[in-house]
Amino acid sequence: MSPPAQAGVPGGRGSKGPPARKLLCMCSLSLCLTYLCYSLMGGTGPAALRSPAALPGTAVPGAPRSPAAFPVTMAPRSPASPPGSPAGAPAPSAAPPRASNGSREGAADTWLRTQLAPGEVITAQSGAFERDPQESSTTDEELSRAGSPGSRGGGGSTTSTTPDYGEKRLPQALIIGVKKGGTRALLEAIRAHPDVRAVGTEPHFFDRNYEKGLEWYRDVMPKTLEGQITMEKTPSYFVTNEAPRRIHSMAKDAKLIVVVRNPVTRAISDYTQTLSKKPEIPTFEVLAFKNRSLGLIDASWSAIRIGIYALHLENWLQYFPLSQILFVSGERLITDPAGEMAKVQDFLGLKRIVTEKHFYFNKTKGFPCLKKPEDSSAPRCLGKSKGRTHPKIDPDVIHRLRKFYKPFNVMFYQMTGQDFQWEQEESDK
């Protein structure tokens with residue numbers, strides 16, 4: 001059962017028909033105006049935000065991309081271009097020089113972007129070091145194990161295995177984003193529900209593996225019994241342009257879950273993950289700006305771009321109504337996991353079985369861990385890749401990022417009918 005529309009918010013959850021379409025048109029116009037203003041100031045404008053070929057430092061369509069590149073957004077594919085273009089160019093292996101004024105020059109752009117084939121995705125930094133074991137490094141071997149008999153789908157499940165009976169089904173619900181928002185925590189929590197079976201590894205079917213076909217995708221899924229829900233999570237779907245159309249063509253009644261988080265904190269967390277793998281990369285301050293002395297944010301850097309939630313949501317609303325999309329607060333998933341899980345279970349039409357009894361707050365890690373209410377075994381926490389200490393970022397950079405994101409956040413609140421209070425959260429600090 002979906003939550004009711006928020007009172008006083010036109011086009012909120014559950015709304016449909018002309019008012020919702022009118023709101024979407026208004027949002028689209030506002031987004032375009034915002035991008036246009038930023039472009040006139042010298043920043044990355046609407047064309048660059050939407051088209052990989054328009055981004056500075058990227059190649060013209062037809063150039064190969066790094067084979068290990070991690071996708072964060074996809075441009076419309078040319079009709080003549082087959083899914084899954086071949087890969088080629090190697091990722092850089094040495095840190096670029098830093099400009100004295102904080103802007104990037106010359107080789108610095110190679111940290112941010114690799115060349116793109118037609119319709120391929122924009123890569124996050126070099127791609128070679130954007131592969132998180134729990135979020136983006138799924139291999140064919142892992143996916144094969146995930147779909148094997150007696151497996152809950154791999155990925156370190158906290159619950160019992162699936163018996164070797166039932167049948168494999170395409171997912172009825174997907175966690176589609178966002179990276180570093182709390183998707184792994186949500187997946188592990190919902191897998192504690194007996195009526196949910198989810199693959200633990202990330203299939204990346206609708207962005208990387210679409211050419212393999214639906215039968216391949218189905219085979220990756222765990223077996224389920226009648227009445228159980230099959231789920232998967234791949235956070236990069238939310239920022240992949242072709243994902244909404246592809247998912248809609250598979251199941252137009254699919255339920256979609258998006259875990260969102262303050263975009264400034266999310267960007268720093270994204271950078272922190274990359275830094276843990278490649279300590280020689282430029283500083284966050286260097287990567288975040290096209291020109292720091294002028295205060296121009298580089299919205300083409302994936303760590304920044306992913307947090308422009310209104311831009312990405314606009315694409316999804318072309319195919320799915322708000323009533324089929326649940327937005328989960330990454331912050332409340334930490335401070336009130338049982339409350340957020342109640343919303344998730346209601347949205348999926350499940351009995352509220354995952355409650356406060358399933359969570360234990362780990363003060364060392366700074367987030368809740370899962371436990372089984374029926375026994376006294378130690379709680380299971382997410383791996384060491386979660387809860388990393390963030391590097392210290394210049395307060396002026398954070399202030400500029402907050403100003404950059406504010407209009408997009410407001411637009412996102414209007415589009416979803418939910419106020420995530422990120423501005424209030426920042427003013428309290």
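This passage describes the sheet, a buried strand residue, a buried lysine and the aromatic pairs of a predicted model.

The sheet comes first. Five strands build an open sheet, and their order is β5-β7-β4-β8-β11. The pairing is parallel. Strands β5 (196-198) and β11 (325-329) form the edges, and each of them pairs on one side only. From one strand to the next, the twist averages 25 degrees. In general, strands of a sheet pair through backbone hydrogen bonds, and the pairing is either parallel or antiparallel. Here β4 and β8 run parallel and are joined by four bridges. Ile-175 has its bridge partner in β8, namely Ile-257.

Strand β8 (residues 255-260) also holds Val-259. The relative accessibility of Val-259 is 0%, so this residue counts as buried. What does Val-259 touch, leaving aside residues up to four places away in sequence? Its contacts are Gly-177, Val-178, Gly-181, Gly-182, Thr-183, Leu-186, Val-328, Gly-330 and Leu-333. Sequence distance and spatial distance can be set side by side for Val-259 and Phe-327. The two residues are 68 places apart in sequence. Their C-alpha atoms are 5.8 Å apart in space.

A charged side chain also deserves a look. Lys-179 sits in the loop between β4 (173-177) and α4 (183-190). Is Lys-179 buried or exposed? Its relative accessible area is 3%, so Lys-179 is buried. The side chain of Lys-179 makes a polar contact with the side chain of Asp-270, at 3.1 Å. A second lysine, Lys-255, lies over the face of an aromatic ring. That ring belongs to Phe-347, and the distance to the ring centre is 5.5 Å.

Aromatic pairs come next. The structure holds 22 of them. One pair joins Phe-238 and Trp-316. Their ring centres are 6.5 Å apart and their planes meet at 15 degrees, so the pair is stacked. Phe-238 lies in the loop between β7 (229-233) and α6 (243-250), whereas Trp-316 belongs to helix α10 (residues 309-316). The pair therefore ties together parts that are 78 residues apart in sequence. Both Phe-238 and Trp-316 are buried.

Tyr-309 and Trp-422 give another pair. Why is this pair called tilted? The ring centres are 5.7 Å apart and the planes lie at 55 degrees, so the pair is tilted. Tyr-309 is in helix α10, and Trp-422 is in helix α14 (residues 422-427). This pair links distant parts of the chain, 113 residues apart. Tyr-309 has a relative accessible area of 1% and is buried. Trp-422 has a relative accessibility of 0% and counts as buried too.

Helix α10 thus appears in both pairs, through Trp-316 and through Tyr-309. How many of the eight residues of α10 are buried? Seven of the eight are, and the helix is mostly covered. The buried residues of α10 are Tyr-309, Ala-310, Leu-311, His-312, Leu-313, Glu-314 and Trp-316.

Aromatic residues also gather in a group. Which residues form one aromatic cluster with Trp-216? They are Phe-205, Phe-206, Tyr-210, Tyr-217 and Tyr-237.

Key:
Residues numbered from 1 in each chain as written. Predicted model: local features only at pLDDT ≥ 70, side-chain atom pairs only at ≥ 80, totals over all residues. Heavy atoms only, no water. Phe/Tyr/Trp six-rings, centres within 6.5 Å; stacked < 30°, edge-to-face > 60°. Helix = DSSP H or I, 4+ residues; strand = E, 2+ residues; numbered from the N terminus. Buried < 20%, exposed > 50% of the residue type's maximum accessible area, 1.4 Å probe, protein only. Lys NZ or Arg CZ within 6 Å of the ring centre and 35° of its normal. Contact = heavy atoms within 4.5 Å. Polar contact = N/O pair within 3.5 Å; in protein donor to acceptor, adjacent residues only side chain to side chain. Pairing = 2+ DSSP bridges. Axes fitted to C-alpha atoms, helices over the stretch in contact; angles between N-to-C directions.
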